[in-house]
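Hi,

Here is the structure I promised to pass on to you. Have a look at it first, and then read on for what turned up in it.

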Amino acid sequence: MPLVSDAFIDGRWVPGAARFVVRDPFDDAQVAEVTDCGEAEVDAAIDAAARAFGAWRQKPALERGKLLAQLAAAMLRDERRLAELCTRENGKALKEAVAEVRYAASFFDWFAGEAGRAYGETIPGSRPDQRIVVTREPVGPCALITPWNFPYAMLARKLGAALAAGCTTVAKPAELTPLGALAIAQLAEQVGVPPGVINVVPTTNARRCGAQLLASPAIRKLSFTGSTAVGRELLRTAADDIKRVSLELGGNAPFVVLADADLDEAVAGAMVAKFRNGGQSCVAANRFIVERAIADAFVARLLPQVQALVVGRGLDAGTDLGPLVDDRSVAKVRRLVEDARAKGATLLHDAPIRGRLVGPVVLGGVTPAMDLWREEIFGPVIAIRTAADEADALAQANDTEYGLVAYVFTRDGARQQRLAERLESGMVGVNTGLVSTAQAPFGGIKHSGFGREGSRHGLDDYTHLKYVSTR
Ligand code: NAP
């Protein structure tokens, strides 16, 4: 299929008056020139979503589900092209881009099934002649704002649920990576999703676009994935029109390794939890908390695996870590590592930074006074602090305003249960470094946001309950 770079509004590809260039983070090569949506295009997209809503919500849920299943299949058929496109606009290693396409398709597939399971309920009335019936209705046209780190998956988690519920959508992808969202729209068009149900409005003016979406009474819900700072701002604005909001925000995941852990398992988990997408993930392990008794042994097993990581162009076979997405991300990682070193961290492994290619770094002797203990690193840096015992590890793990995911490694079943219950996060990985999967509810607590994506709960954010009392 040809590369699409125009905005997608009301079933039409709209070149727009202005364009912006999307570049490959590896070498700045131009990947595409994309429509830069202004107010007129965003208005047109909102109108289209509003007009399409009536017919889309009336379409039998099983038919909506069928279209989602076809969209999933279309993505998988086109997996190689989609993965290469993702690597070119985002920089990630091709094998990770392939994994992302499959992960994204799995949400369309999952919600294809969930569409037909948007069950209501009947409730015994208080009088013999009363019937109480509860149904679930789509909330209406939704604004979907997504980040650059998983251009397909972050949109698919929202779009799958929205479409299954009967909502129409206006998607605003990140300026750095708009091509993934446009490619999904192209496949949706191909499988027959009606005009106006999916609209995609790339723009260089996220703030104005966000404000416009939130100001429109036609838009009844915002689903946002991105930083906590922007999420907070959007939540405030959404209050003006009492819009439904779900927020998938930043994380600061603890990765706890207790003395009785299987260290090989812990190291394998660490490699996934830290280096997936070069550490540019909201569920990336940010703070390694290792029980003192086994800290040296853990590091000794970890280092060879870290040293074996291949850093390079994402499209090259064998690359494990592609470039970081932009210069700002590189500068942030550099700043956090320098700050930690200045405050006394030990460099256990270092790699030179070449352009945006940032090799893995391992730091020991980390303390809470270091910025990387408080901030999302969003890069391939392992920061290790030791803990005296389980209680100390738990206290350290919960000492953050974030609460997206926590990882814990221990062979002891009672400890597994205790820690899983006491860790303050929306998700816990016990003896695993990967928790993301379509059938489980993904989401955070505290400053990591609210709402859940995936699982049978994923539809909740896109539906409201209606109760009918009949005499
Ligand atoms: P970001 O700066 O908050 O951007 C996210 C999205 O919001 C982008 O589309 C961005 O557009 C847009 N945006 C920025 N400012 C806006 C404004 N004032 N009004 C409306 N929209 C605005 O976050 P990011 O740096 O792209 O992504 C990384 C963050 O996302 C990290 O904190 C990460 O943890 C989080 N994240 C969370 C999850 C989760 O599920 N919890 C998943 C992935 C990522 P432009 O890019 O065009 O500016």
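Let me start with the place where two parts of the chain meet: domain 1 and domain 2 bury about 2400 Å² between them, and carbon and sulfur atoms give 56% of that area. On the domain 1 side, the residues that lose the most area to domain 2 are Phe26, Trp148 and Ser448, which together make up 23% of what that side buries. Please keep in mind that this is a predicted model.

Where do the two domains run along the chain? The domain assignment gives domain 1 as 7-249 + 448-470, and domain 2 as 253-438. Domain 1 brings 30 residues to the contact, and domain 2 brings 27. If you compare the C-alpha centres of domain 1 and domain 2, you will find them 31 Å apart.

There are charged links to look for as well. Three salt bridges are counted between domain 1 and domain 2. You can also pick out a salt bridge between the side chains of arginine 356 and aspartate 28, at 3.1 Å from N to O.

Now for the empty space. Rolling a probe the size of a water molecule over the atoms shows where such space is left.

The largest pocket holds about 1300 Å³ of space. It is lined by 44 residues, and Trp148, Gly226, Ser227, Val230 and Arg328 are the closest to its centre. Trp148 may ring a bell, as it is one of the domain 1 residues that lose the most area to domain 2. Why does the largest pocket lie between domain 1 and domain 2? It does so because both domains give residues to its lining.

Four elements each supply at least two residues of that lining: helix H7 (206-215), strand S10 (221-225), helix H8 (228-239) and helix H11 (327-342). H8 gives the largest share, with seven residues. Sorted by class, the lining of the largest pocket has 19 nonpolar, 14 polar and eleven charged residues.

The second largest pocket has about 380 Å³ of space. Of its 18 lining residues, Glu96, Ala99, Val272, Arg276 and Asn277 are the closest to the centre. This pocket also lies between domain 1 and domain 2, because both give residues to its lining. Helix H4 (94-115) and helix H9 (263-275) each supply at least two lining residues, and the largest share, six residues, comes from H4. The classes here are nine nonpolar, two polar and seven charged residues.

Finally, the closed spaces. How many cavities of 30 Å³ or more does the structure hold? There are seven. The volume of the largest cavity is about 60 Å³. Its lining is made of 14 residues, and those nearest its centre are Pro254, Tyr402, Gly403, Val405 and Glu424. Strand S12 (253-257), helix H13 (390-398) and strand S19 (405-409) each give at least two residues to this lining. By class, the lining of the largest cavity has seven nonpolar, five polar and two charged residues.

A good way in might be to find Trp148 on your screen, since this residue is among those closest to the centre of the largest pocket. From there, you can go on to the rest of the pocket and then to the cavities.

Happy exploring, and do write back with any questions!

Best wishes

Technical notes. Residues are numbered from 1 along each chain as its sequence is written. This is a predicted model: local features need pLDDT of at least 70, side-chain atom pairs count only at pLDDT 80 or more; totals for chains, interfaces and linings use all residues. Side-chain values use heavy atoms; hydrogens and water are left out. On a 1 Å grid over the protein atoms alone, a cavity is a set of points where a 1.4 Å probe fits but cannot get out, and a pocket is an open set with protein on both sides within 12 Å along at least five of seven lines; lining residues have an atom within 4 Å of a point. Grid points are joined across faces, edges and corners, and a volume is the space filled by probe spheres set on the points. Ala, Val, Leu, Ile, Met, Phe, Trp, Tyr, Cys and Pro count as nonpolar, Asp, Glu, Lys and Arg as charged, and the others, Gly among them, as polar. Domain bounds come from an automatic or database domain assignment. Contact means heavy atoms within 4.5 Å. Buried area is the accessible area (1.4 Å probe) that two parts lose on being put together, summed over both. A salt bridge is a side-chain nitrogen of Lys or Arg within 4 Å of a carboxyl oxygen of Asp or Glu.
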